[in-house]
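Q: Hi! Could you walk me through this structure, one topic at a time?

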Amino acid sequence: MIIADNLYELKSQIPNHVTLVAVSKTKPNRLIMNAYDAGHRVFGENKIQEMLTKYNSLPKDIKWHMIGHVQRNKVKYIAPFVSLIHGVDSIKLMNEINKHGIKNNRVIKCLLQVNISNEVSKFGISLNKIEELFNYSLSLQNISIKGLMGMASYTNDKSIINSEFNSIKVKFNELNKIDSNFNILSIGMSGDYKVAINNGSNMIRIGSKIFGERKI
Ligand SMILES: *Cc1c(COP(=O)(O)O)cnc(C)c1O
């Protein structure tokens, strides 16, 4: 039970207030069930169709996090069950999520994805756009922007990673002071979660360190 061991080891290293999202993208149900049987319930996927297929065939008490880019025309597929959408980066997408929140009679929790490195992702808003999108979201009843998500540059240079995480943390703390419901900072992956936790992360997204390397 390598997956169970990986999970226990990770959990022993991270503080209790940090939520561990087990990133199961590309991995088969069998491996997700290994983590499930070890007591884990929070999983992250980055493709809508893959998440939907897994949602339909796996236990219903799993909390599914959408960590990838979300196309507006696909929001409807995950709106009934998604636990947290990490990659919100436009007003149009917020409007669409809100629309499907209304249809499903639920408030859909989301994070604003911030582009803190210029190379890793072409997605995400710049730091100076956060307030504008957050304030807009307050006019929508069926979406709740709970915090921020970011990815650091793909580098071994910890000082670069540290300064990128620090930039999102400063913004996060500003808004958290104004609104205590804005309380999730999703930063940190297999290679940089320790640096992220040192910068105030309370949600880490870990794939390869739990499930092994991905081929694709
Ligand atoms: C794949 C992915 C992860 C997990 O990456 P690992 O390096 O395998 O831990 C985290 N966040 C996002 C947005 C991802 O796409």
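Q: Is Gly 87 buried or exposed?
A: Gly 87 is buried, with a relative accessible area of 0%. Keep in mind that this is a predicted model.

Q: Where does Gly 87 sit?
A: You'll find Gly 87 in strand 4, which covers residues 84-88.

Q: How many residues along the chain separate Gly 87 from His 69, and what about in space?
A: Along the chain they are 18 residues apart, and their C-alpha atoms are separated by 5.6 Å.

Q: Okay, new topic: the ligand! Which residues surround the ligand?
A: The ligand is surrounded by Val 23, Lys 25, Ile 67, Met 149, Met 151, Met 189, Ser 190, Arg 205, Ile 206, Gly 207, Ser 208 and Arg 214. Sorted by class, that shell has six nonpolar, three polar and three charged residues.

Q: What lies 2.8 Å from an oxygen atom of the ligand?
A: There are two cases to look at. From Gly 207 it is a backbone N or O atom that lies 2.8 Å from a ligand oxygen. From Arg 214 it is a polar side-chain atom, also 2.8 Å from an oxygen of the ligand.

Q: And what about the side chain of Ser 190?
A: An N or O atom in the side chain of Ser 190 is 2.6 Å from an oxygen atom of the ligand.

Q: How much of the ligand does the protein bury?
A: The protein buries 89% of the 390 Å² that the ligand exposes when taken alone.

Q: Let's switch to aromatic rings. How many aromatic pairs are there?
A: The count comes to four aromatic pairs. One pair to look at is Phe 43 with Trp 64: their ring centres are 6.1 Å apart.

Q: Why is that pair of Phe 43 and Trp 64 called tilted?
A: Their planes meet at 40 degrees, so the pair is tilted. Planes under 30 degrees apart would count as stacked and planes over 60 as edge-to-face.

Q: Which parts does the pair tie together?
A: Phe 43 lies in strand 2 (residues 42-45) and Trp 64 in strand 3 (residues 63-66), so the pair ties together parts that are 21 residues apart in sequence.

Q: Are Phe 43 and Trp 64 buried or exposed?
A: Phe 43 is buried, and Trp 64 is buried too.

Q: Which residues form an aromatic cluster?
A: Phe 134, Phe 172 and Phe 182 form one cluster.

Q: What lies over the face of Tyr 36?
A: That's Arg 41, at 3.5 Å from the ring centre. You can also look at Tyr 55, where the charged end of Lys 60 sits over the ring, 4.7 Å from its centre.

Q: Now the backbone. What is phi of Thr 26?
A: Phi of Thr 26 is near 70 degrees, a positive value in a residue other than glycine. Thr 26 is in the loop between strand 1 (19-23) and helix 2 (29-37). Thr 26 counts as partly exposed, at 35% relative accessibility.

Q: And what about phi of Asn 105?
A: Asn 105 is not a glycine, yet its phi is positive, about 55 degrees. Asn 105 is in the loop between helix 5 (91-103) and strand 5. With a relative accessible area of 69%, Asn 105 is exposed.

Q: Last topic, two Glu residues. Where is Glu 119 found?
A: Glu 119 is in the loop between strand 5 (108-114) and helix 6 (130-137). Glu 119 is exposed, with a relative accessible area of 56%. Glu 119 and Ala 152 are 33 residues apart in sequence, and 9.0 Å apart in space from C-alpha to C-alpha.

Q: And where is Glu 131?
A: Glu 131 is in helix 6. Glu 131 is partly exposed, with a relative accessible area of 29%. From C-alpha to C-alpha, Glu 131 and Glu 174 are 10 Å apart in space, with their positions 43 residues apart in sequence.

Technical notes:
Residues numbered from 1 in each chain as written. Predicted model: local features only at pLDDT ≥ 70, side-chain atom pairs only at ≥ 80, totals over all residues. Heavy atoms only, no water. Near = heavy atom within 4 Å. Polar contact = N/O pair within 3.5 Å; in protein donor to acceptor, adjacent residues only side chain to side chain. Areas by Shrake-Rupley, 256 points an atom, 1.4 Å probe, with all protein chains shown as cover. Nonpolar A, V, L, I, M, F, W, Y, C, P; charged D, E, K, R; others polar. Phe/Tyr/Trp six-rings, centres within 6.5 Å; stacked < 30°, edge-to-face > 60°. Helix = DSSP H or I, 4+ residues; strand = E, 2+ residues; numbered from the N terminus. Buried < 20%, exposed > 50% of the residue type's maximum accessible area, 1.4 Å probe, protein only. Lys NZ or Arg CZ within 6 Å of the ring centre and 35° of its normal.
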